[in-house]
Amino acid sequence: MTILAGLLLTASLPARAGGELMVMPATTRLFHNFDQQVTMQNMGDEPLYLSIHLQKVANPGIDPEKKIDLGDLEHPGVLASPDKVTLGPKQTRALRLTSLAEPQSEEVYRLYILPVSVLNVADAPDDKITAPVSLSVGYGIVVRHLPPPD
């Protein structure tokens, strides 16, 4: 009976959701002269701070993937904008993918959308080691940069 009462008490406590990221679609195709959008939504109750970066996959389909930062490419084929976003509670924002050049063959990129965590430890005892735990879910979206259809 004590266990049941404890479970009921725990279930009745308010849950604190924090920021919860939802990104759609999980994979997308991009053609030259046709921008593509990726939707980011904060499903939680607190603001989300997001870092966004794009990397080209040099060896698609081979494990481990070799990824190249856009800054290291002489002629990047795709651009993602913006690179930083703040989403308020229940707010939605679109991220734009733009093709900078028409590829001769299919190229694969990974678009990473990652929450940036800020941890504040308040009322930590001086005589004990305190280690806050935070769990954030980020997304790695596959972007297929395609040549024009035949």
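**Figure 1. Order of helix and strands along the chain.** Read along the sequence, the elements of this predicted model follow the pattern α-β-β-β-β-β-β-β-β-β-β. The protein thus named has 1 helix and 10 strands, where helices (H or I, at least four residues) and strands (E, at least two) are DSSP runs numbered from the N terminus. Residues are numbered from 1 along each chain as its sequence is written. In this predicted model, local features need pLDDT of at least 70 and side-chain atom pairs count only at pLDDT 80 or more, while totals for chains, interfaces and linings use all residues; side-chain values use heavy atoms, with hydrogens and water left out. Of the 150 residues in the protein, 27% are buried, a word that stands for under 20% relative accessible area, with exposed meaning over 50% and partly exposed in between (1.4 Å probe, protein chains only). Among contacts (heavy atoms within 4.5 Å) between residues at least 6 apart in sequence, 73% join residues at least 24 apart.

**Figure 2. The largest nonpolar core.** A nonpolar core is a set of buried Ala, Val, Leu, Ile, Met, Phe, Trp, Tyr and Cys residues joined through side-chain atoms within 4.5 Å. The largest one has 22 residues, and M40, L97, L111 and I113 have the most contacts inside it. At least two residues of this core come from each of β1, β3 (36–42), β4, β6, β7 (84–87), β8, β9 and β10. Strand β4 gives the most, with 4 residues. In soluble globular proteins, nonpolar side chains tend to be buried together. Leaving aside neighbours within four places in sequence, I113 is in contact with ten listed positions, including L21, V23, V38, M40, L50, I52 and I141.

**Figure 3. Strands β6 and β8.** Strand β6 (residues 78–81) has alternating side chains: V78 and A80 point to one face and are buried, whereas L79 and S81 point to the other and are not. In a regular strand the side chains alternate between the two faces of the sheet. Strands β6 and β8 (residues 92–99) run antiparallel and are joined by 4 bridges; two strands pair if DSSP finds at least two bridges between them. The bridge partner of S81 in β8 is R96.

**Figure 4. Strands β4 and β7.** These two strands run antiparallel, with 4 bridges joining them. S51 has K84 of β7 as its bridge partner. Along β7, V85 and L87 point to one face and are buried, while K84 and T86 point to the other face and are not.

**Figure 5. Strand β10 and its partners.** Strand β2 (residues 27–31) pairs with β10 in the parallel sense over 5 bridges, and L30 stands opposite H145 in β10. Strand β9 runs antiparallel to β10, and 7 bridges join them. In this second pairing, Y112 stands opposite G140 of β10.

**Figure 6. Salt bridges between distant parts of the chain.** A salt bridge is a side-chain nitrogen of Lys or Arg within 4 Å of a carboxyl oxygen of Asp or Glu. The whole structure holds 6 of them. E107 forms one with K56, the closest N and O atoms being 3.6 Å apart. This pair links E107 in strand β9 (residues 107–115) to K56 in strand β4 (residues 48–57), 51 residues apart. K56 is partly exposed, with a relative accessible area of 21%. Between E65 and R110, the closest N and O atoms of the salt bridge are 2.8 Å apart. E65 lies in the loop between β4 and β5 (67–69) and R110 in strand β9, so the pair ties together parts that are 45 residues apart in sequence. Both count as partly exposed, E65 at 27% relative accessibility and R110 at 21%.

**Figure 7. The salt bridge of R144 and E106.** The closest N and O atoms of R144 and E106 are 2.7 Å apart in this salt bridge. R144 is in strand β10 (residues 139–146) and E106 is in the loop between β8 and β9, 38 residues apart. R144 counts as partly exposed at 31% relative accessibility, and E106 is partly exposed at 39%.
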